[in-house]
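User: I am new to this structure and would like a close look at a single part of it. Please take the charged side chains and explain how they pair.

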Amino acid sequence: MIAKEKEVLISWGRSNKLGINQEMLAPRIILNEDELEEEIKKKGDLISSFNDGINEISDFVKGKYFFLLCMKIAI
């Protein structure tokens with residue numbers, strides 16, 4: 001098994017232990033265009049901070065594989 005396949009299997013194992021449903025093929029929540037626009041307006045600062053964080057992570061792990069899992073929380 002090549003290293004990248006092993007990394008993916010290890011990541012899958014961690015997700016499985018956390019109870020992530022590996023059979024989920026689509027997001028649980030789907031917004032229409034108007035709902036999406038409203039959510040972006042309401043959470044613009046949070047989205048901006050998230051994007052900044054993702055850019056930092058991306059720079060740090062450049063050339064590696066990573067998955068980002070998110071939980072829905074009320075803010």
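Analyst: A good place to begin is K42, which counts as exposed because its relative accessible area is 56%, in a model that is predicted. K42 forms a salt bridge with E39, and the closest N and O atoms of this pair are 3.1 Å apart. Both K42 and E39 lie in helix α2, where they are three residues apart, about one turn of the helix. E39, for its part, is partly exposed, with a relative accessibility of 24%. The side chain of E39 also meets that of K43 in a salt bridge, with an N to O distance of 2.9 Å, and K43 is partly exposed at a relative accessible area of 35%. Through salt bridges that share partners, E39, K42 and K43 are joined into one network.

In general terms, such pairing is possible because side chains of opposite charge can pair when their charged atoms come close.

Helix α2, which covers residues 33-42, also holds K41 and E37, and since these two are four residues apart, they are separated by about one helical turn. Their side chains meet in a salt bridge, at 3.8 Å from N to O. K41 is exposed, with a relative accessible area of 60%, whereas E37 is partly exposed, with a relative accessible area of 43%. A search of the whole structure finds three salt bridges.

Technical notes. Residues are numbered from 1 along each chain as its sequence is written. This is a predicted model: local features need pLDDT of at least 70, side-chain atom pairs count only at pLDDT 80 or more; totals for chains, interfaces and linings use all residues. Side-chain values use heavy atoms; hydrogens and water are left out. A salt bridge is a side-chain nitrogen of Lys or Arg within 4 Å of a carboxyl oxygen of Asp or Glu. Buried means under 20% relative accessible area, exposed over 50%, partly exposed in between (1.4 Å probe, protein chains only).
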